[in-house]
Amino acid sequence: MKYKAITFSYDDGVEQDKRLIEILERYGLRATFNLNSGLFDKRTSHSGRVFGFDAVFNNHRIPGDEICEVYKNHEIASHSLTHPILPALSDEEVIFQMSEDAKALEGITGKKIHGFAYPGGVGEYCNQRVADVIENNTSLYYGRTVKSTRSFELPKSLMLLDPTISHREISVREGLAREFLSLEADTPKLFYVWGHSYELDVDESVWTDFERFCELISGRDDIFYGTNDEVFRHFGLNNLTEE
Ligand SMILES: [Zn+2]
């Protein structure tokens, strides 16, 4: 049993995922990609400051007929049908957003969808009510937030699953990785990184740094590299909620 695991989680299903996947696969790393089936092939634009760069993100979401090929070596998970702020919706609307997305993704991939990431935005993007509604009315057994723990302990709740860090936290990213690599674990420890691949596109140096990070954490015999679902199964965390 490998007591240490590393997993990645990326949202929105944009074109830059292809470049990200090339890098991950060069180093034997595995990821989960959270997709909105109601937004396939859509173009959006927003601005922001990430990795110290001001940028306008002109994003193109991957068309639905490409996703099987693009994500074939990784896990596809849900990000809701159309990316609403879930706490603003009624229980019925939450169930519709999550179950319709999972159903559409399962139809395309022919594989069961196990989890999701809460669609984000300004204000409250997740809460216990929404988590409970999804847990009780869909077959999704885990849901990822965007709240960094900077900890390697297993999540207290799989339905409000806090990641270790965002890939954007470059001031601590490498230090935490080195700490994890040198950790002698005799209980399960998880290093969980999330992000949006388009953020890496703000500058070539950001891709280069990210690749260096991937190289650093790769190729260790004592680490299990898996998608979110594979890691939770590896640690036996999916058992309680398995149908
Ligand atoms: Zn999103």
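In this predicted model, helix α5, spanning residues 170–182, and helix α7, spanning residues 204–217, have axes that come within 10 Å and cross at roughly 10°. Because angles under 35 degrees count as roughly parallel, α5 and α7 are therefore described as roughly parallel to each other. The contact is formed on the α5 side by Ile170, Arg173, Glu174, Ala177 and Leu181, which meet Asp209, Phe213, Leu216 and Ile217 of α7. Sorted by class, this contact of α5 with α7 holds six nonpolar and three charged residues, and no polar ones.

Helix α7 also takes part in the surroundings of helix α1, since the buried residues of α1 pack against α7 as well as against β1 (4–11), β2 (31–35), α2 (67–70) and α6 (197–200). Within α1 itself, which covers residues 17–26, the buried positions are Asp17, Leu20, Ile21 and Leu24. These residues cover an arc of only 100° around the axis, which puts them on the same side of α1. Glu22 and Arg26, by contrast, are exposed and lie on the face of α1 turned away from its buried side. Just after this helix, Gly28 takes a positive phi of about 70°.

A similar reading can be made of helix α4. In this helix, residues 128–137, the buried residues are Val130, Ala131, Val133 and Ile134. Viewed down the axis of α4, they fall within an arc of 165°, so they line one face of the helix. The other side of α4 carries Gln128, Arg129 and Asn136, which are exposed. As for what the buried residues of α4 pack against, the partners are α3 (91–109) and β7 (142–144). For Ile134 in particular, once its neighbours within four places in sequence are left aside, the contacts are with Val94, Met98, Leu140, Gly143 and Met159.

The two helices can then be placed in a wider setting. In soluble globular proteins, nonpolar side chains tend to be buried together. Here the largest nonpolar core has 55 residues, of which Leu24, Phe33, Ile76, Val130, Ile134 and Leu140 touch the most other members. Strand β9, residues 189–195, supplies the largest share of this core, namely five residues. Leu24, one of the core residues that touch the most other members, is among the buried residues of α1, while Val130 and Ile134, which likewise belong to that group, are among the buried residues of α4. Leu140, also in the group, is one of the contacts of Ile134.

Definitions and conventions:
Residues numbered from 1 in each chain as written. Predicted model: local features only at pLDDT ≥ 70, side-chain atom pairs only at ≥ 80, totals over all residues. Axes fitted to C-alpha atoms, helices over the stretch in contact; angles between N-to-C directions. Helix = DSSP H or I, 4+ residues; strand = E, 2+ residues; numbered from the N terminus. Parallel < 35°, antiparallel > 145°, perpendicular 65-115°, else oblique. Contact = placed C-beta atoms within 7 Å. Nonpolar A, V, L, I, M, F, W, Y, C, P; charged D, E, K, R; others polar. Buried ≥ 20, exposed ≤ 12 C-beta atoms within 10 Å, placed from the backbone. Arc of directions from axis to C-beta. Core = buried A, V, L, I, M, F, W, Y, C linked by C-beta atoms within 7 Å.
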